[in-house]
Amino acid sequence: MWRFVFRPLLFLMSPETAHYFTLNALKWVCSIPGLKNILKWWYSSRIPALPIRLFGLEFKNRVGLAAGLDKDGKYIEELALLGFSHIEIGTVTPKPQAGNPTPRLFRLPKDMALINRMGFNNEGAESMVLRLKQLDKPKDLILGINIGKNKDTPLEQAEDDYLKCFDLLFPFADYFTINISSPNTPGLRGLQAKEPLTRLLKAITSNNKNKPTPKPILVKLAPDLSVEELMETRQILNEYKVDGIIMGNTTLDRVGLNTSKDLLDRIGMGGLSGKPL
């Protein structure tokens with residue numbers, strides 16, 4: 001059914017349209033009495049129950065959903081039915097922003113890959129707070145929140161954006177991810193350099209320590225860092241006792257792809273994900 005019906009139908013749509021069509025279709029299916037329970041039973045039986053404890057959190061299995069699919073936290077209850085032990089929403093920024101002009105999401109079928117330059121399109125942290133206040137989160141689901149800076153915030157003031165998101169969303173997150181590695185926000189990857197990363201982590205970890213119950217802090221890195229850059233970054237992460245890293249974000253590398261150079265040139269800039277990564 002997937003190969004011969006659903007996939008061809010979805011491929012008639014633009015990638016971004018297909019993305020939201022699928023999520024809204026899932027929400028509609030879950031509104032039909034009885035189907036939520038069937039989905040939950042079907043998917044929970046297909047993922048091996050291999051619990052693991054990390055960052056002081058108990059994950060019921062080893063399969064989670066990365067940030068980017070549900071940027072605004074609109075589909076958490078429905079996605080949780082698919083058996084994930086954890087769902088990471090975002091990237092969310094303090095102020096709403098539209099992201100980059102469309103088209104900004106591209107399929108590379110020959111490589112089983114995508115290129116995106118979404119640009120942190122989201123409805124903002126305050127909108128997410130209102131939504132999470134109404135969320136009926138499953139007890140065994142771990143919720144991560146991925147935070148970033150607005151496009152028009154200077155790099156020198158980036159920590160202000162991260163702290164605002166952190167404070168607003170603190171009551172709802174089981175862990176936070178500091179996204180400093182998207183290639184689609186100008187200058188963002190500059191936060192991986194020693195001085196800005198030190199300044200950012202000092203602000204976040206100090207704030208976290210002052211909370212009654214600190215939350216695990218993870219940092220999402222780019223896969224394009226050199227070995228030397230990774231070693232320097234690791235020293236800073238250790239210094240500020242960051243709980244873990246997410247490796248990694250999308251890549252700017254285009255080496256070894258089956259997609260033609262002509263098509264890649266027409267697509268232009270963006271981060272590559274999927275099988276090649």
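**Pairs, burial and salt bridges**

Me: Strand E5 (residues 105–108) and strand E6 (residues 113–116) pair in the antiparallel sense over 4 bridges. What makes these two strands count as paired?

Reply: The model is a predicted one, and within it DSSP must find at least two bridges between two strands before they are called a pair; E5 and E6 have 4 bridges, so the criterion of at least two is met. One of the contacts joins Phe106 to its bridge partner in E6, Ile115, while in the hairpin, with 4 residues between the strands, Met112 takes a positive phi near 50 degrees.

Me: Why are strands E3 and E10 said to stand at the edges of their sheet?

Reply: The open sheet has 6 strands in the order E3-E4-E7-E8-E9-E10, with parallel pairing. Strand E3 (64–65) and strand E10 (244–247) each have a single partner strand, and therefore one side of each is left without a neighbour in the sheet. Elsewhere in this sheet, E8 is joined to strand E9 (residues 217–221) by 4 bridges, running parallel, and Asn179 has Lys220 in E9 as its bridge partner.

Me: Why is the pair of Phe166 and Phe176 called tilted?

Reply: The structure holds 4 aromatic pairs. In the pair of Phe166 and Phe176 the ring centres are 4.6 Å apart and the planes stand at 45 degrees; the distance is within 6.5 Å, and the angle is neither under 30 degrees nor over 60, so the name tilted follows. Phe166 lies in helix H6 (residues 158–169) and Phe176 in strand E8 (residues 175–179), so the pair ties together parts that are 10 residues apart in sequence.

Me: What makes the pair of Phe170 and Phe176 stacked?

Reply: For Phe170 and Phe176 the centres are 6.3 Å apart and the angle between the planes is 20 degrees, and because stacked rings need planes under 30 degrees apart, with centres within 6.5 Å, the pair qualifies. Ring pairs link Phe166, Phe170 and Phe176 into a cluster. Over the face of Phe170 lie Lys211, at 5.0 Å from the ring centre, and Lys215, at 4.2 Å.

Me: How do you know whether Phe166 and Phe176 are buried or exposed?

Reply: Phe166 has 0% relative accessibility and Phe176 likewise has a relative accessible area of 0%; since burial means under 20%, both residues are buried.

Me: What makes the contact between Arg189 and Asp224 a salt bridge?

Reply: The closest N and O atoms of Arg189 and Asp224 are 2.8 Å apart, which is within the 4 Å required, so the contact counts as a salt bridge. It links distant parts of the chain, 35 residues apart, with Arg189 in the loop between E8 and H7 and Asp224 in the loop between E9 and helix H8 (227–239). Arg189, with a relative accessible area of 18%, is buried, whereas Asp224, at 33%, is partly exposed.

Me: How do you know that Glu195 is exposed or buried, and where does its salt-bridge partner Arg199 lie?

Reply: Glu195 has 60% relative accessibility, and because exposed means over 50%, Glu195 is exposed. Glu195 and Arg199 both lie in helix H7, 4 residues apart, about one turn of the helix, and their side chains meet at 3.8 Å, N to O. Arg199 itself, at 29% relative accessibility, counts as partly exposed.

Note on methods
Residues numbered from 1 in each chain as written. Predicted model: local features only at pLDDT ≥ 70, side-chain atom pairs only at ≥ 80, totals over all residues. Heavy atoms only, no water. Phe/Tyr/Trp six-rings, centres within 6.5 Å; stacked < 30°, edge-to-face > 60°. Helix = DSSP H or I, 4+ residues; strand = E, 2+ residues; numbered from the N terminus. Buried < 20%, exposed > 50% of the residue type's maximum accessible area, 1.4 Å probe, protein only. Lys NZ or Arg CZ within 6 Å of the ring centre and 35° of its normal.
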